[in-house]
Amino acid sequence: MKLNYFSRGFVSMFLLLLCSQMIFAQVTVMNTRCENLANPIGLDIAAPRFSWQLKGKERGIQQTAYEIEVFSGSPKGVRAWTSGKVNSDSSVFVSYKGGNLKSGTQYFWHVRVWDNKGKMSKWSEFGNWHTGLFEASDWKAKWIGGAADSSSEQPSPLLRKEFQSAKKVRSAIAYITAKGMYEAKVNGKRVGDAYLSPGWTSYNKRLQYQVYDITDMLRQGENAIGVTLGNGWYRGNIGFQGQRNYYGKDIGLLFQLDITYTDGSKATVVSDESWKTSTGRIRSSEIYHGEIIDNRLEQNGWELVGFDDAGWKPAISAAPYEHALVATLNEPIRKKEEFKPAKMITTPSGEKIIDFGQNMVGWVKVKVRGNKGDSIKIYHAEILDKSGNFYTTNLRAARQENIYILSGDAEEVFEPHFTFQGFRYIKIEGYPGEIKPENFTAITLYSDMKPTGEFTSSNTLINQLQHNIQWGQRGNFLDVPTDCPQRDERLGWTGDAQVFYRTASFNFGVNNFFSKWLKDLALDQLDNGSVPFVIPNVLGKDASGSAGWADAATIIPWQNYLAYGDKKTLLEQYASMEKWVGFMNTNSKDDLWNKGFHFGDWLFYRPDDDNDGRSAITDKYLIAQCFYANSTQLLINAASVLGKNTDVEKYTALLKKIKAAFNREYVTQSGRLVSSSQTAYVLALHFDMLPEALRQQAADRLSENISNYGDHLTTGFLGTPYLCHVLTRFGKTEQAFKLLMQESYPSWLYPVKMGATTIWERWDGQKPDSSFQTPGMNSFNHYAYGAIGDWMYRTIAGLDTEEGFAGYKKISIKPHIGGGLNYAKAVLQTNYGQLSSEWKVDAKGTTYNFEIPANTSAKVYLPEAPGDKLFENGKPLSTSTIKVISTEAGRTELLLGSGIYNLTVIK
Ligand code: RAM
């Protein structure tokens, strides 16, 4: 047959199409990240790790090989590395293995993969990262300080510099940090969208700098830089004993701008004594106490070219920073949600109040018109008292008030810079004219972690609880995990962080946030291995070593490994983990750690009318021994993942002795614990302290204890996170559901019923008669008890990483139906992609919907009996390709490859 020209063309096109279909797999590579971030700027990691996700329509997609290419300067630049085709199913945390990376350089990378059908994907889109400054000698800038005046107010120094940018700019990269806090402007525009920079690290050990691409902000010719400094954590009041200047008396700036012109020539603008300084409108700023802004003192145009700075002084040359300058690893603090007033209230005592409807962390932007010298005061509170008046006693010494003084020029807009407030309500004083809702906007500020998890159910109270948990995390993940955001505390309490870690890792991407904080933990750890109560440690070395707090050193790195498969952080923390176990070991006698100060099961149930001995007191040394064992176990786990076999042996032998000592000291022959509290049984069971034969009876005692309290929990910070997990493990999920659904105090839903919008520090922060718990310790935004979120995700929805496989490479889905719910769903953005589990119950039966990301597989355990009728997409399961691993009474185990599944069970 002869083909004419047209049909020949058609056929070859068709063949080409067919070929490309054969060559290119159905999979696409997407969501590429470098060190968990999309196109990060300022990484000082010598071998950054790449991650990507596979997407495709088919089920059961697995990666069999990958290839990565890295170029410097541009996607068409010099090739810095090619991995070649590597046979591997790794798509998360694949390390760069090329030559040494250069300082201050942008690198571009892409990746392609081969799937389990032998097909190759297209190259991904290019991702990039910009390296930080690897060597101290890369810094040409000098530390400078600003104007100070003798007033006790400590006004914010302003620093300015004009410079020429002679030619057309190809790139302009600014490296900035401060002792204190900074806000930088170039030609009057704010540099970047991060707040409270440079964030908080253990400043007496290391300080993070930030990197900004400001190419678009420069003009050919004259340019101006203006930087404002604030006290911040560095020298402001921090800690609850009124202390100041913890890290030093002087704040300062380090600024370096590296310009590359289009002709390839370079110029650098640095902070030095040629800069000028003065003060302006920010008269005082303090983290706890708020900010005072006096617009009458604004130096108009000071951050612009041509400003007359004749009256300004030369910047003071400041002492260089003596410790490590490091690039920023975690997401910066950014402005997030905005809230308009929900209600305007005049209280019984006549106060003018705005209710924003949500307890949050950030500040309020205020618009106003008035006369020169008018002064507005904005006070912040989390809650109203019994009579409906503004309540601030629980803030202790923290004033959290912003004072704005008007210049009288047209409309003025105020918002603070170097402070933050924990609040739902504001009280306004001195506002000229009518207080109108449109002039007040609440803005939240927190570390810009990626939202990764959602849990929803058919119960609105539980949904509100989940909302409160997430809002507790938003407000308190402010560069460090703080205990609370409002009173004179706001510190990185280690205990709180460890109890909440697992829940946190469901709700948001916290891998970088915690990797950064753990570095400070290791640095602040004492030489004897003890771990401070708070990180960064501002309470002194004696404030350390409490069981359940110091164990953040072992618990968080391990759980971070489980949640993300992050072996590098585990390896980096290993020495710190070992040191902490070493501390407990050194302080033990006959393998019993029963020395030192411990917070114990902090804020456990202790009713006011406690004359019937019902306080749920747990022996603090019993607790300590449990955590000693747990930390040792986690050290063994880490050692085994990291291939440290001698350590595995050494610590396994130690663990045996720790448990034996526990049983000698705290357990009767029949298995009763010396403290018959819920927490005692929970810890003993969760950490496998008891011999196998004594476990079930202990679980029964726990269960009986709960029933004796009328299905109420009595646990504090340390028992609460594991309580429901232990009940589930010992076949008592129904009782765990009862605790979760309990609406009367003490319970998770009691605060919800009382109108909470965040998690409270205490089970009864506000009593049923609306009176308050003791004001010295009564935060309404304290995430610790939000640790129940972990059980909701892992047990109700049943989402977990399979034991022995970290980071959801292999998944376990084990839903639990109960609590009167007829619907529950959890979604988690894993490193591999979206994972979800949903169940619905109705009269006909149960429906399950699952989504399993590509390059993973999931073992699904359905609580159904073999006799039940199982369907996939309406067809009997037996006719589908789904592999049934096993069936036994009350359980069917399936193996699912990636894809979307709909399973129904007809009763
Ligand atoms: C409180 C903190 C924190 C707790 C410690 C023991 O002051 O708020 O929540 O961990 O004490």
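Is threonine 847 buried, partly exposed or exposed? The legend for Figure 1 has the answer, and the other close-ups follow from there. One thing to keep in mind throughout: this is a predicted model.

**Figure 1. A close-up of threonine 847 in strand β42.** Threonine 847 sits in strand β42, which covers residues 845-852. Threonine 847 counts as partly exposed because its relative accessible area is 22%, and buried would mean under 20%. Now look for valine 905: it is 58 residues away along the chain, yet its C-alpha atom and that of threonine 847 are separated by 6.4 Å. Leaving aside neighbours within four places in sequence, threonine 847 is in contact with Glu838, Trp839, Lys840, Asn902, Leu903 and Thr904.

**Figure 2. Lysine 809 and the backbone oxygen of asparagine 855.** You'll find lysine 809 in the loop between β38 (799-801) and β39 (810-813). Is this lysine buried or exposed? Lysine 809 has 15% relative accessibility, so it counts as buried. Follow its side chain and you get to the backbone oxygen of asparagine 855, at 2.7 Å. If you skip the neighbours within four places in sequence, the residues in contact with lysine 809 are Gln62, Asp89, Thr801, Tyr832, Asn855, Thr856 and Ser857.

**Figure 3. Threonine 715 and its partner threonine 720.** Here we're looking at the loop between α11 (692-708) and α12 (720-729), where threonine 715 is found. With a relative accessible area of 0%, threonine 715 is buried. Its side chain makes a polar contact with the side chain of threonine 720, at 2.8 Å. Beyond its neighbours within four places in sequence, threonine 715 has quite a list of contacts, including Asp601, Phe604, Tyr605, Gln678, Trp763 and Tyr785.

**Figure 4. A salt bridge between aspartate 520 and arginine 206.** A search of the whole structure turns up 47 salt bridges, and this view picks out one of them. The closest N and O atoms of aspartate 520 and arginine 206 are 2.7 Å apart. These two come from distant parts of the chain, 314 residues apart: aspartate 520 belongs to helix α5 (residues 511-524), while arginine 206 belongs to strand β15 (residues 206-213). Charged or not, aspartate 520 counts as buried, at 0% relative accessibility. Arginine 206 counts as buried too, at 6%.

**Figure 5. Glutamate 761, arginine 487 and a salt-bridge network.** Glutamate 761 and arginine 487 meet through their side chains in a salt bridge, 2.8 Å from N to O. Again, distant parts of the chain are linked, with the two positions 274 residues apart: glutamate 761 is in the loop between α14 (749-753) and α15 (788-796), and arginine 487 is in the loop between β37 (480-481) and α4 (494-507). Both glutamate 761 and arginine 487 are buried. Which residues belong to the network here? Salt bridges with shared partners join Arg396, Asp483, Arg487, Asp488, Glu489 and Glu761.

**Figure 6. Glutamate 429 with lysine 427.** This salt bridge has its closest N and O atoms 4.0 Å apart. Glutamate 429 is partly exposed, with a relative accessible area of 35%. Lysine 427, on the other hand, is buried, with a relative accessible area of 15%.

**Figure 7. Where domain 2 meets domain 3.** The domain assignment places domain 2 at 139-330 and domain 3 at 335-447, and their C-alpha centres lie 28 Å apart. The contact takes in 25 residues from domain 2 and 27 residues from domain 3. Together the two domains bury about 2100 Å², with 61% of that on carbon and sulfur atoms. On the domain 2 side, look out for Tyr195, His289 and Glu291: they supply 28% of the area that domain 2 buries against domain 3, more than any other three residues. How many salt bridges run between domain 2 and domain 3? The count is zero, but 14 residue pairs are in polar contact there. Among the elements giving two or more residues to this side of domain 2 are β13 (181-186) and β16 (221-230), while β21 gives the most, with five residues. Sorted by type, the residues on this side are twelve nonpolar, seven polar and six charged.

Notes
Residues are numbered from 1 along each chain as its sequence is written. This is a predicted model: local features need pLDDT of at least 70, side-chain atom pairs count only at pLDDT 80 or more; totals for chains, interfaces and linings use all residues. Side-chain values use heavy atoms; hydrogens and water are left out. Domain bounds come from an automatic or database domain assignment. Contact means heavy atoms within 4.5 Å. Buried area is the accessible area (1.4 Å probe) that two parts lose on being put together, summed over both. A polar contact is a pair of N or O atoms within 3.5 Å; within protein, one must be able to donate a hydrogen and the other to accept it, and residues adjacent in sequence count only if both atoms are side-chain atoms. Helices (H or I, at least four residues) and strands (E, at least two) are DSSP runs, numbered from the N terminus. Ala, Val, Leu, Ile, Met, Phe, Trp, Tyr, Cys and Pro count as nonpolar, Asp, Glu, Lys and Arg as charged, and the others, Gly among them, as polar. Buried means under 20% relative accessible area, exposed over 50%, partly exposed in between (1.4 Å probe, protein chains only).
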